[in-house]
Amino acid sequence: KFSEIEKLTVNIQGAGAAPAYLQLSVSLELENEAQKVAIDELLPRVRDQFQAYLRELRLEDLNGSAGVLRIKEELLRRVNVAAAPYKVRDVLLKEMLVQ
């Protein structure tokens, strides 16, 4: 089962003084329908955790596949903290746009 997190848009630290923005849409992979129902009730907490983390990113943190992998790992770690005792299997990137 999957739970969708609607698009997040956050400002990140760009090169120099220029502002940069990150738009991100993700799906959370869950064990079963019961977990999906439970996680859906916790989505405001999950979104808060994601936004706090994403705002700390710098433009160079997003470079390459290694950067994307680190972001996915960190989002997974944070969602599992916010959603405990429920376990999210994976965070799937649906959209990631940097402006």
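**Figure 1. Glu60, a partly exposed residue in a predicted model.** At 45% relative accessibility, Glu60 sits between the two cut-offs, under 20% for buried and over 50% for exposed, so it counts as partly exposed. Its place in the chain is the loop between α1 (33-55) and α2 (64-83).

**Figure 2. Glu60 and Val46, paired up for a distance check.** Along the sequence, 14 residues separate Glu60 from Val46. In space, their C-alpha atoms are 24 Å apart. Glu60 belongs to the loop that follows α1 (33-55) and leads into α2 (64-83).

**Figure 3. The fold, element by element.** Start at the N terminus and the order reads β-β-α-α-β, which adds up to two helices and three strands. The radius of gyration is 14 Å, close to the 13 Å from the globule rule for 99 residues, so the chain is as compact as a globular protein of that length. Along the principal axes, the C-alpha atoms take up a box of roughly 45 × 25 × 20 Å.

**Figure 4. Contacts and burial in the chain.** Take the contacts with a separation of 6 or more: 68% of them come from residues 24 or more positions apart. As for burial, 38% of the 99 residues count as buried.

**Figure 5. Surface and charge.** The chain exposes about 5,700 Å², with carbon and sulfur atoms supplying 50% of that area. On the charge side, there are 14 positive and 15 negative side chains. The centres of these two sets lie 1 Å apart.

Key:
Residues numbered from 1 in each chain as written. Predicted model: local features only at pLDDT ≥ 70, side-chain atom pairs only at ≥ 80, totals over all residues. Heavy atoms only, no water. Helix = DSSP H or I, 4+ residues; strand = E, 2+ residues; numbered from the N terminus. Buried < 20%, exposed > 50% of the residue type's maximum accessible area, 1.4 Å probe, protein only. Rg over C-alpha atoms; globule rule 2.2 N^0.38 Å. Contact = heavy atoms within 4.5 Å. Areas by Shrake-Rupley, 256 points an atom, 1.4 Å probe, with all protein chains shown as cover. Lys, Arg positive; Asp, Glu negative; His and termini not counted. Charge placed at Lys NZ, Arg CZ, Asp CG, Glu CD.
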